[in-house]
Protein chains: 2
Amino acid sequence: MSDAEQTRQNILTVAADEIHQHGFNATSLSVILNRCEISKGALYHHFTSKMALGYAVFEEIYTPEFLELWQSALTVEDPVEGLCDFFTSMTEQMSCSEVVCGCPLNNLCEEMANVDEGFRLRILSMQEQLNQLIVDALMKISDDLREGLAFSQVGYFIVATLNGATTLSKSSRNKELFQQVIAELCFYIRALKK
Amino acid sequence: MSDAEQTRQNILTVAADEIHQHGFNATSLSVILNRCEISKGALYHHFTSKMALGYAVFEEIYTPEFLELWQSALTVEDPVEGLCDFFTSMTEQMSCSEVVCGCPLNNLCEEMANVDEGFRLRILSMQEQLNQLIVDALMKISDDLREGLAFSQVGYFIVATLNGATTLSKSSRNKELFQQVIAELCFYIRALKK
DNA sequence: CTTGCAACATACCAAGCGGTCGGTTATTCT
DNA sequence: AGAATAACCGACCGCTTGGTATGTTGCAAG
């Protein structure tokens with residue numbers, strides 16, 4: 001990787017962390033510059049604006065990370081148990097800062113979806129991709145599932161509940177609440193089976 | 001109501017709307033001043049800081065509105081159907097702006113819970129109150145419900161899913177997604193019964 | 001009638017923001 | 001080697017922000 005590319009990646013990584021912690025608007029470019037130990041000129045050489053940087057973080061950091069995570073949870077023999085394991089392991093290995101900061105995508109959806117069209121469309125696309133992953137996984141084992149299930153609806157329900165759980169636990173600052181909701185969610189998911 | 005009290009109420013109402021639309025940090029005092037047609041001196045006569053105004057909006061506008069709404073949904077003969085009716089009517093009478101702006105309390109939780117302790121504690125208290133409302137309602141009809149249910153867990157699950165649904169639909173800008181999640185949520189709630 | 005305080009108005013401030021621009025160094029291509 | 005361009009620097013700009021200090025008005029009590 002060239003030096004320039006390394007600089008760019010460094011900016012992306014730091015920006016992703018800052019946006020995760022403080023949201024997009026509350027993220028200050030000067031903080032990113034300090035953490036990267038670069039000048040404002042360097043940043044604006046690689047990104048045309050703060051917004052462009054935000055989009056790049058979304059596309060090059062959050063999206064791949066996110067999809068990979070869900071994919072690995074769903075491409076198992078039994079996606080129902082795969083999801084439950086995925087959620088349960090989240091509650092276990094969840095650090096304190098992750099409880100506090102929540103899910104980057106959920107955060108951005110909250111903050112930016114009704115403010116900036118660029119973010120909105122990117123988030124929407126991401127959600128649809130994620131939903132498709134779940135739908136595909138459920139369809140694979142549809143023989144084992146209850147009849148009359150609306151897969152897409154179920155997929156959005158799962159994602160909504162998970163996001164709601166992360167938001168909810170921000171106020172209590174501990175995992176307990178999150179774990180409770182997840183436990184109930186796993187119960188719901190397992191009940192999808194015959 | 002005295003003129004001064006009227007001014008104060010007007011500030012609260014406008015601020016509540018602005019915070020709902022743009023979040024706390026993105027809400028500009030100057031916008032509030034313009035909409036209220038008052039001076040900065042007037043605002044700072046009634047509130048010591050922007051933060052204090054935010055707290056007042058939370059306590060005097062959001063909290064009572066919120067509790068009243070849920071209370072009326074839960075203090076019916078059958079709270080299970082009461083909740084389902086409540087959610088379903090939400091999807092029906094939901095205006096476009098409400099889809100876009102989401103739930104004020106959920107928004108504040110996302111934005112402020114990990115930034116300001118004052119907001120965090122107020123939100124936490126609110127969530128606990130709401131959960132208690134649900135738990136109480138469920139306990140009243142516990143004879144009709146499945147055995148071994150963790151009421152508190154169920155309560156938080158319902159709230160989490162509802163919040164997640166509002167956040168999710170921000171990106172699609174229409175009710176459809178929200179309705180789907182709500183439909184699935186009602187299915188879950190009804191399945192609490194024997 | 002005057003004294004006093006609540007209820008405002010207005011001008012001002014420092015700090016931080018995203019963004020720009022002219023200049024400098026490093027690298028790469030011919 | 002020399003020219004061109006990528007990569008980066010840092011001072012500066014306009015603007016908005018929350019907040020303050022001083023001044024003014026009007027009602028109400030003594």
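A polar contact is a pair of N or O atoms within 3.5 Å; within protein, one must be able to donate a hydrogen and the other to accept it, and residues adjacent in sequence count only if both atoms are side-chain atoms. The model shown here is predicted: local features need pLDDT of at least 70, side-chain atom pairs count only at pLDDT 80 or more, and totals for chains, interfaces and linings use all residues. Residues are numbered from 1 along each chain as its sequence is written, chains are lettered from A and ligands numbered from 1 in the order in which they are written, and side-chain values use heavy atoms, with hydrogens and water left out.

**View 1. Polar contacts to the phosphates of DNA strand D.** Start with His45(A), where an N or O atom of the side chain is 3.0 Å from a phosphate oxygen of DNA strand D. For His46(A), a polar side-chain atom lies 2.7 Å from a phosphate oxygen of this strand. Chain B joins in through Lys50(B), whose backbone places a polar atom 2.8 Å from a phosphate oxygen of DNA strand D.

**View 2. The protein surface near DNA strand D.** Here, near means that a heavy atom of the residue lies within 4 Å of the strand. Of the 16 residues around DNA strand D, those that come nearest are Thr7(A), Ser39(A), His46(A), Tyr44(B) and Lys50(B). Sugar and phosphate make up 62% of the strand's atoms that come within 4 Å of the protein. Helix α3(A) gives the largest share of this surface, four residues (helices are DSSP runs of H or I, at least four residues, numbered from the N terminus). By class, the surface has five nonpolar, nine polar and two charged residues (Ala, Val, Leu, Ile, Met, Phe, Trp, Tyr, Cys and Pro count as nonpolar, Asp, Glu, Lys and Arg as charged, and the others, Gly among them, as polar).

**View 3. The largest cavity.** A cavity is a set of points, on a 1 Å grid over the protein atoms alone, where a 1.4 Å probe fits but cannot get out; lining residues have an atom within 4 Å of a point. The largest cavity holds about 100 Å³ of space (the space filled by probe spheres set on the points, which are joined across faces, edges and corners). Among its lining residues are Phe66(A), Cys103(A), Met126(A) and, from chain B, Leu168(B). The largest share of the lining, four residues, belongs to α8(A). Nine nonpolar and three polar residues form this lining, with no charged ones.

Terms used. Helices (H or I, at least four residues) and strands (E, at least two) are DSSP runs, numbered from the N terminus. On a 1 Å grid over the protein atoms alone, a cavity is a set of points where a 1.4 Å probe fits but cannot get out, and a pocket is an open set with protein on both sides within 12 Å along at least five of seven lines; lining residues have an atom within 4 Å of a point.
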